[in-house]
Amino acid sequence: MKQEEIAVKGFLYCRRKLCGEEVALKEITRETGTPCYIYSRGALQSNARRFQEAFSTINHRVCFAVKANRSLAVLQAFAGQGLGFDLVSGGELAAVIRAGANPHHLIYSGVGKTKEEICLALRTGILQFNVESAEELAQIRVCARESGCVAPIALRVNPDVETGTHPYIRTGSSRHKFGIDFQEVFSLVREIRRWKEIRLQGLACHIGSQICQLAPFEEAFSRMARLFQDLKSQGIALQTVDLGGGLGVRYNRETPPPLARYASLVRRHFASCQALVLLEPGRYLLADAGVLVTRLLYRKETRGKHFYIVDAGMNDLIRPTLYQAWHEILPLQLNSKRPRLKADVVGPLCETGDFLARDRLLPEMKPGEELALLQAAAYGYAQSSNYNARLRPPEVMINGKTWQETRPRESEEDLFRGETLLP
Ligand code: LLP
């Protein structure tokens, strides 16, 4: 398989078999069983390279948003490409350190950092904390004083823009819990300048996820650029500007802006500001680099409505349930002669919301056959759970002709670890 093909989609049919790079997925699931998450290292790496190249003419650092996928093998592949990371918990900090990240390339975001997490990040020597409130800032100051160091921070500003994305993944409006109000920034900055434990080095924003128009970015970036210049004219020169993530991908019929146009928007607003531009893509770097393979258990027809009951459910991939998200579904074995039928693809959990697709036109299939849900690498495994006492699936990384199970299927011991019975 050619590298360009991997860049478009890590998974393609080859002699009627769905393959990741040069491995037929069936070969993998024969050993691992289903459900199973399978990633393509080539796709991960080429996505990262493409993103970095799009910004090559400006001083920038790409920091992968770990929340999209914190699996160590994925983080390790990105660290190997020179990516930094955007974190939201002490657990994510521990993960990137295990995966070999450079501590100086770490950004710590999130509205509710605890004292312990802040102290851990200070000891690690991260690039910056993106601060979301005056009270959080006071806590960081206490931690810095106690640890005898200076905390590097950026203020995460809420640019008050609306994005046309799903309500649960919008973050940039003043009604949302994220960021500091524009009007508060100046008074906060004046206060910070008197504090020796805090070094204000930048501004940050993040307006939402799966954004498929440029207009909200344009609005947010122009507000951020103006704020940056206003501060400069008041003698406050900042060294970093963090533009968050959020660039959408095409799952179905969306038409997200091309990366090059997003990059030129960033350049237009920030090339002249002489700051390090930080970018926090999650989804864009890996959505297409992984699939979830599941097996058809049973078929059922109720008054003309068809159900495909499969062995993966909402605990393995919650995006369809939570965000009405659409994932393309392909059979591992292609057979174009099969008739098609409209079916709901549902999991084994006891919830009506346990579905992976609704009214989807699919080839007629028999129990035992396998299906792949595409573009499942971003917010797939990362949002999985043990609901209904289900064991989380294994994860596999393909690299060319070879593959490796990077995390085994959970066992019964994993399920009950740490629990005690009453005396
Ligand atoms: N930076 C910050 C501060 C964020 O909160 C997020 C995502 C990102 C970067 C990365 O955004 P991305 O480039 O991936 O759009 N679970 C949802 C998405 C939640 C996004 C949360 N924040 C989903 O599956 O659609």
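**Strands, a helix, a loop and a cavity**

Strand 2 (residues 17-20) and strand 3 run antiparallel and are joined by 2 bridges. One pairing to look for is that of Cys19, whose bridge partner in strand 3 is Ala24. This is a predicted model, so to speak a computed picture of the chain. Zooming out a little, these strands belong to an open sheet of 3 strands, put together in the order 1-2-3 with antiparallel pairing. Strand 1 (11-14) and strand 3 (23-24) sit at the edges, each pairing on one side only. As a general point about regular strands, side chains alternate between the two faces of the sheet.

Another antiparallel pair turns up much later in the numbering. Here strand 20 (residues 395-399) is held to strand 21 (residues 402-407) by 5 bridges. Within this pair, Val396 stands opposite Glu405 of strand 21. The two strands, 20 and 21, make a hairpin with 2 residues between them. Gly400 is in the turn, and its phi is positive, at about 70°.

Gly82 also has a positive phi, of about 85°, and is found just after helix 4. Helix 4 itself covers residues 72-80, and its buried residues are Ala73, Val74, Leu75, Ala77, Phe78 and Ala79. It helps to remember that an α-helix has 3.6 residues a turn, so residues three or four places apart point the same way.

Next comes a loop, the one between strand 16 (329-331) and strand 17 (340-346), where Pro339 lies. Is Pro339 buried or partly exposed? With a relative accessible area of 47%, Pro339 is partly exposed, because that value falls between the 20% limit for buried and the 50% limit for exposed. Setting aside neighbours within four places in sequence, Pro339 is in contact with Leu362, Pro363 and Glu364. Gln128 is quite another story: from Pro339 to Gln128 there are 211 residues in sequence and 56 Å in space, C-alpha to C-alpha.

Finally, there is the empty space inside. The structure holds 1 cavity of 30 Å³ or more, and the largest cavity has about 30 Å³ of space in it. Which residues line the largest cavity? The lining takes in three glycines in a row, Gly244, Gly245 and Gly246, followed by Leu247. Phe51, Tyr262, Leu279, Glu280 and Pro281 complete the set. Sorted by kind, the lining residues come out as 5 nonpolar, 3 polar and 1 charged.

Notes: Residues numbered from 1 in each chain as written. Predicted model: local features only at pLDDT ≥ 70, side-chain atom pairs only at ≥ 80, totals over all residues. Heavy atoms only, no water. 1 Å grid on protein atoms, 1.4 Å probe; cavity = no way out; pocket = protein on both sides within 12 Å on 5 of 7 lines; lining within 4 Å. Points joined across faces, edges and corners; volume = space filled by probe spheres on them. Nonpolar A, V, L, I, M, F, W, Y, C, P; charged D, E, K, R; others polar. Buried < 20%, exposed > 50% of the residue type's maximum accessible area, 1.4 Å probe, protein only. Helix = DSSP H or I, 4+ residues; strand = E, 2+ residues; numbered from the N terminus. Contact = heavy atoms within 4.5 Å. Pairing = 2+ DSSP bridges.
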